[in-house]
Amino acid sequence: MNPLVSIIINCHNSEQYLNEAIDSCYNQKYKNWEIIFFDNASTDNSKKIAKTYDKKLKYYFNDVKLNLGDARNKAIILAQGEYICFLDCDDVFLENKLLDQVSFMKLNNYLFSYTNYNVINDRGKIIRSYRCKFKSGFIINKLLKKYEINFQSSMFNEKVIKNKYFFDSNLQYSPDYNVIMKIASQNQIGVLNKYTVNYRIHKNANSKKQLGLVSKEIKYTLDQIKYNKSISSKSLKYAYNKLYYYDAIYFISINNYLMAHKLIKKIKMNSIKYFILSILIRLNISSLFILKLIRR
């Protein structure tokens, strides 16, 4: 029998692309699923849109806006599925998402998996595609050097996300990174080389507004997992050094090139990417150009 999959949609004033996101769940080839629609104090038409769907969409309203980690934890408690995945209101599942990923996880007994993904613009056009570089297994050290996971492509066995790991309510930018890295530090991870999701970038996305939190929150996660015996000292050192890079990006975004140069100078010989960034900073290249170049 096909296990139930819970698709969690956390929503706050996200009416613009909401129909497209929900429709992508109803268009799945795999049919045994539910949507846990957690409305996080929306004041737009999100509720009206969600209520147009049938009982497979279970609507819950929270009248006080929670941070993303707390909102996801509350939605997880409501989920009944053996497998749990998440869909943001501006993204789209491809029709094979649930069928391919559930089959993959069942066959290999993975507690967590992720897949390839496309990046789309505000009109839904694919502008980039990302293929997973890593192979399934214990990949925590690889993820410390290059974090390649798109959260919308993720799928969790409810045993790991409901009973052991939760989203950290202290984090605003990276609750997803935190929970996945804690899972990866203790478990084999499934990497499915198939495209399952279209991830949308647009001018209203929150990520550019939170650059000042990146370094602090990633360090918070590193400090939590650094004593795990599966993590090599080399990988951990690389990850901590990369915090200078994240801080430099933030200072570039606010046009403080002096501070950005001081930070990137500490690690510029560690990789060609850092070295090139240090040159761009010294040349006083436009912050808009630099951020576009590094896709921030």
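Thr 196 is buried, with a relative accessible area of 0%. The model is a predicted one. Burial here means under 20% relative accessible area, so a value of 0% places Thr 196 within that class. Thr 196 sits in strand E9, which spans residues 190-200. What does Thr 196 touch, leaving aside residues up to four places away in sequence? Its contacts are Val 92, Phe 93, Leu 94, Asn 96, Lys 97, Gln 101, Thr 115, Asn 116 and Ser 153.

Move next to strand E1, residues 5-11. Of its 7 residues, 7 are buried. Are its faces covered or open? Both are covered. One side carries Val 5, Ile 7, Ile 9 and Cys 11, all buried. The other side carries Ser 6, Ile 8 and Asn 10, and these are buried too.

E1 also has strand partners. With strand E2 (residues 33-40), E1 pairs in the parallel sense over 7 bridges. Within that pairing, Ser 6 has Glu 34 of E2 as its bridge partner. Between the two strands the chain passes through helix H1, residues 18-26. This β-α-β crossover from E1 to E2 is right-handed. E1 pairs with strand E4 (residues 83-86) as well, again in the parallel sense, over 4 bridges. There, Ile 8 is bridged to Phe 86 of E4.

Now take helix H7, residues 175-184. Why is H7 described as largely enclosed by the rest of the structure? Because 10 of its 10 residues are buried. The buried set runs from nonpolar side chains to charged ones. Among them are Pro 175, Tyr 177, Val 179, Ile 180 and Met 181. Asp 176, Asn 178 and Lys 182 are buried as well.Several elements pack against the buried residues of H7. The helices are H3 (68-78), H5 (140-145), H6 (158-163) and H8 (211-225). The strands are E6 (112-120) and E8 (155-157).

Last come the nonpolar cores. The largest has 59 residues. Which of its residues touch the most other members? They are Tyr 114 and Phe 156. Helix H9 (residues 233-253) gives the most to this core, with 9 residues. A second core is separate and has 32 residues. Cys 11, Ile 35, Phe 37 and Phe 104 are included in that second core. Cys 11 also belongs to the covered strand E1, on the side with Val 5, Ile 7 and Ile 9.

Definitions and conventions: Residues numbered from 1 in each chain as written. Predicted model: local features only at pLDDT ≥ 70, side-chain atom pairs only at ≥ 80, totals over all residues. Heavy atoms only, no water. Buried < 20%, exposed > 50% of the residue type's maximum accessible area, 1.4 Å probe, protein only. Pairing = 2+ DSSP bridges. Right-handed = clockwise from strand over helix to strand, strands pointing away. Contact = heavy atoms within 4.5 Å. Core = buried A, V, L, I, M, F, W, Y, C linked by side-chain atoms within 4.5 Å.
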